[in-house]
Amino acid sequence: MNALAHSAPTPSLPSAGVIWTRTLEAIRQEGLHYALTWLERMRPMEVRENALVLGVPDRFFRDWVDDHYRSMLETHIARLEPSLGRVAYEVVVGPPPSSDLPPTPTVKVNSLRPARLNPRFTFDTYVVADSNQLPAAAAQAVAHRPGHNYNPLYIYGGTGLGKTHLLQAVGNHIWEKDPTQRIVYLSSEQFTNEYVESVREHRMTDFRRKFREECDVLLIDDIQFLGKREETQKEFFYTFETLFGLNKAIVLTSDMVPAEVPGMEDRLRSRFAMGLMADIREPTYETRVAILQKKAEQEGLDLPDPVAHFIAKHVQKNVRELEGALVKLSAMHSLTKQPVTEEFASQVLRDILPAQRTVDVEAIQREVARFYKVTVEALKEDRRHKALAHARQVAMYLSRKLTKSSFPEIASRFNKDHSTVISAVRKVEGLRETDAAVHRDLSELETKLGGM
Ligand SMILES: Nc1ncnc2c1ncn2[C@@H]1O[C@H](COP(=O)(O)OP(=O)(O)OP(=O)(O)O)[C@@H](O)[C@H]1O
């Protein structure tokens, strides 16, 4: 049975039917008729916990609506009933409903996605690379044979590197394969809060039933916070022992290895280390590019390669920041309809990109001369030797790109006229698109110059 089936209906709220009718009306008034074609095929079932449960004809329908309309629905519903933060679905097999009244379902063949699991966090949307290969493979192994492979699995690493994503992917995968599996996902802080509340309200029997008897998969995020809570640790230890003894899967995440978690009891530390410990490292440059490309594809954003490289070069800390940059770029692109170019990205992301060193034309000439092993003077001469001409054009291109100098200003530093600079810039822009070696050289020079 799922968690929903145990809880009593939420008192003092309008019925599911009333909330649903008002929600559809609000959506209609906003003119979102395309959405109604889908939404009107769902039926309000009930209000449970903080969710409005909607009946859907099948899982495909559910997934589609969930992908496209979940956030819109949740926003509208929360506006009408602030205590309702979620929608949930149940597949209802039976004759299609014909009136405005909620139909009586004949068979319920599906349960709700377990509380707090975000359907966005799946293995499909996770980019696997060198920096996260081991934890990703281990998480998949657990998802395929929960409780048998790597128990417990302990995933650790810095902030924003994808620990929660992997943890939730395990839960989502298991639930999608077998909705009868009882999956409990929560952070160690939420575990602590539930524990404290249960003690206060004398509901420890319920608490233990939930975590020890009615749990097939326990997924706990940010286990390090347990270090500060002696009493909760004790409770967690017995929870762990019970589940482990029953071969139930346990996956934990943390920002440090068990030995480093301050205040963590030794017996817990040693149990955490019993299964597999796998760390997620900071993404390499290539991984950052791959993540950006995959996320752009998911967002339906056409992200040219040079722009992906540009962001990956400047946003290095973690995946969360990469994602933030992409979301901002995508939003500004759809608002302004401007093409997604490096220049557009540098304008839009100005406030989140690390402060750039200011470079001037002279610094660029020096760096380019060193790079191509020529002299600065040669860059300013008229000699047309092929390699020298290329170095000169590159220096002009970078001067235009990395400084605020106008074409005539740049021309004067190279003793040329401005039309020469314009054609040099165009030529290098073209080469950058078509010639991988030139692209690589330019990226390297830009990194050295600390600009973009
Ligand atoms: N390898 C990856 N592929 C795709 N998306 C990723 C990857 N790694 C991280 N992300 C995305 O980056 C964001 C941050 O990841 P997540 O919340 O899982 O980080 P975390 O390690 O749990 O951070 P914290 O310790 O701060 O809670 C999420 O939106 C997640 O989807």
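1. How far is an oxygen atom of the ligand from an N or O atom in the side chain of Lys163? In this predicted model, the distance between the two is 2.8 Å. A polar side-chain atom of Glu323 lies 2.5 Å from an oxygen atom of the ligand, while a polar backbone atom of Leu161 is found 3.1 Å from a ligand oxygen. Of the 630 Å² that the ligand exposes when taken alone, the protein buries 91%.

2. The ligand is surrounded by 19 residues, and the closest of these are Thr159, Gly160, Thr164, His165 and Glu323. Sorted by class, this shell holds six nonpolar, eight polar and five charged residues.

3. Turning to charged pairs, a search of the whole structure finds 30 salt bridges. One of them joins the side chains of Glu40 and Arg28, with N and O 2.8 Å apart, and it links distant parts of the chain, since Glu40 sits in the loop between helix 3 (33-39) and strand 1 (43-48), whereas Arg28 belongs to helix 2 (residues 16-29). Glu40 counts as partly exposed because its relative accessibility is 36%, and Arg28 is likewise partly exposed, at 29%.

4. Asp66 and Arg70 form a salt bridge whose closest N and O atoms are 2.6 Å apart. Both residues lie in helix 4 (residues 59-80), four residues apart, which is about one turn of the helix, and both are buried.

5. Arg413 and Glu362 also meet through their side chains in a salt bridge, at 3.6 Å from N to O. This pair connects helix 18 (residues 407-413), which holds Arg413, with helix 15 (residues 361-372), which holds Glu362, across 51 residues of the chain.

Technical notes: Residues numbered from 1 in each chain as written. Predicted model: local features only at pLDDT ≥ 70, side-chain atom pairs only at ≥ 80, totals over all residues. Heavy atoms only, no water. Near = heavy atom within 4 Å. Polar contact = N/O pair within 3.5 Å; in protein donor to acceptor, adjacent residues only side chain to side chain. Areas by Shrake-Rupley, 256 points an atom, 1.4 Å probe, with all protein chains shown as cover. Nonpolar A, V, L, I, M, F, W, Y, C, P; charged D, E, K, R; others polar. Salt bridge = Lys/Arg side-chain N within 4 Å of Asp/Glu carboxyl O. Helix = DSSP H or I, 4+ residues; strand = E, 2+ residues; numbered from the N terminus. Buried < 20%, exposed > 50% of the residue type's maximum accessible area, 1.4 Å probe, protein only.
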